[in-house]
Amino acid sequence: MSGSLADLDTPIAREAAVALMAVGRRTAPMPKPDQTRIMVVANQKGGVGKTTTTVNLAAALAVSGLRVLVIDLDPQGNASTALGIDHHAEIPSIYDVMVEETPIGDVVQKVEEIDGLWCVPATIDLAGAEIELVSMVARESRMRKALDQYLQAPGVEYDYVFIDCPPSLGLLTVNALVGGDEVLIPIQCEYYALEGLSQLLKNIDMVRAHLNRDLAVSTILLTMYDGRTRLAAQVADEVRRHFGDTVLKTAIPRSVRISEAPSYGQTVMTYDAASSGALSYLEAAREIAERGASGSTHGETIHG
């Protein structure tokens with residue numbers, strides 16, 4: 001085959017065609033859920049893309065016309081940084097909500113770069129919250145109480161709430177699991193990808209049994225996918241075989257743009273909207289939104 005038709009069979013042409021289709025889908029509105037979906041992004045293994053996934057899915061949903069709140073529950077405050085939110089020690093934050101019972105409405109901040117996106121920041125004060133919470137009454141359900149009060153307040157309306165958890169299974173993560181309805185687990189496509197996941201699933205089962213019976217692992221997202229390696233494909237196949245339809249069809253590729261964006265106080269959606277990373281998060285967000293609209297957000301119980 002020769003001429004322009006032959007170009008359609010090249011990898012570059014195929015990638016360009018996929019990108020054009022994705023850009024076209026970017027302008028299509030995403031379906032609104034019937035009620036606010038509270039999604040806990042959790043995995044106690046560090047470096048799997050929890051914060052990156054949280055902020056970029058939130059931004060993707062917001063640029064598509066939905067109203068989204070991000071709650072940064074990690075003392076490192078990386079989600080706050082990526083969203084361009086000031087979070088130095090004196091800033092009212094999620095610490096005040098969890099420990100001092102300050103209303104969420106008093107600490108929430110608008111994300112300037114993106115319409116429809118808000119953030120409850122985390123400060124370094126949160127690092128001591130685990131110890132302070134131990135002696136408090138109803139220590140596991142303080143997030144749930146604060147969220148319920150905020151979401152029921154007049155004029156407060158969100159389609160999605162994302163809670164970005166720290167890389168641990170302590171009281172902060174338990175509070176997030178009690179406060180949420182769904183769990184989203186990012187899994188990196190690397191060796192030892194499933195290491196430690198059974199402990200997270202056991203904790204989710206315990207929270208479901210004793211504190212939040214409606215909690216479900218609704219979404220698993222493959223991150224850091226490198227299509228050039230056989231390992232990535234093997235890990236992806238293993239995860240899909242283990243977790244079935246809970247795994248999104250879209251996998252997030254390794255991307256320099258995704259890594260660069262937080263250093264500019266941005267998500268990849270505003271830093272480089274045409275990059276492969278931005279388009280992948282957009283597609284993942286659309287899958288999540290469409291699953292929600294079809295009522296298939298609560299999958300089967302997953303055991304470790």
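# A tour of the cavity, helix α8 and the cores

By class, four nonpolar, four polar and one charged residues make up the lining of the largest cavity. The model is a predicted one.

**Stop 1: the cavity.** Select Ala82, Leu83, Val111, Glu113, Ile114, Gly265, Gln266, Thr267 and Thr270, the residues that line the largest cavity. The space inside the largest cavity comes to about 30 Å³. Searching the whole structure turns up one cavity of 30 Å³ or more.

**Stop 2: helix α8.** Next, select residues 171–179, which form helix α8. Nine of its nine residues are buried, so α8 is largely enclosed by the rest of the structure. Buried here means under 20% relative accessible area. From one end of α8 to the other, the buried residues are Leu171, Leu172, Thr173, Val174, Asn175, Ala176, Leu177, Val178 and Gly179.

**Stop 3: the largest nonpolar core.** Which residues touch the most other members of the largest nonpolar core? Select Ile71, Leu73, Ile94, Ile163 and Ile185, which do so within a core of 53 residues. Helix α8 supplies the largest share of this core, with six residues.

**Stop 4: Ile163.** Now centre the view on Ile163 and show its contacts, leaving aside neighbours within four places in sequence. Ile163 is then in contact with Ile38, Met39, Val40 and Val41, with Ile71 and Leu73, and with Met143, Leu147 and Ala176. Of these partners, Ile71 and Leu73 were already selected at the previous stop, and Ala176 is one of the buried residues of α8.

**Stop 5: the second core.** Finally, select Ala60, Ala278, Ala284 and Ala285, which are among the members of a second, separate core of 38 residues.

Conventions:
Residues numbered from 1 in each chain as written. Predicted model: local features only at pLDDT ≥ 70, side-chain atom pairs only at ≥ 80, totals over all residues. Heavy atoms only, no water. Buried < 20%, exposed > 50% of the residue type's maximum accessible area, 1.4 Å probe, protein only. Helix = DSSP H or I, 4+ residues; strand = E, 2+ residues; numbered from the N terminus. 1 Å grid on protein atoms, 1.4 Å probe; cavity = no way out; pocket = protein on both sides within 12 Å on 5 of 7 lines; lining within 4 Å. Points joined across faces, edges and corners; volume = space filled by probe spheres on them. Nonpolar A, V, L, I, M, F, W, Y, C, P; charged D, E, K, R; others polar. Core = buried A, V, L, I, M, F, W, Y, C linked by side-chain atoms within 4.5 Å. Contact = heavy atoms within 4.5 Å.
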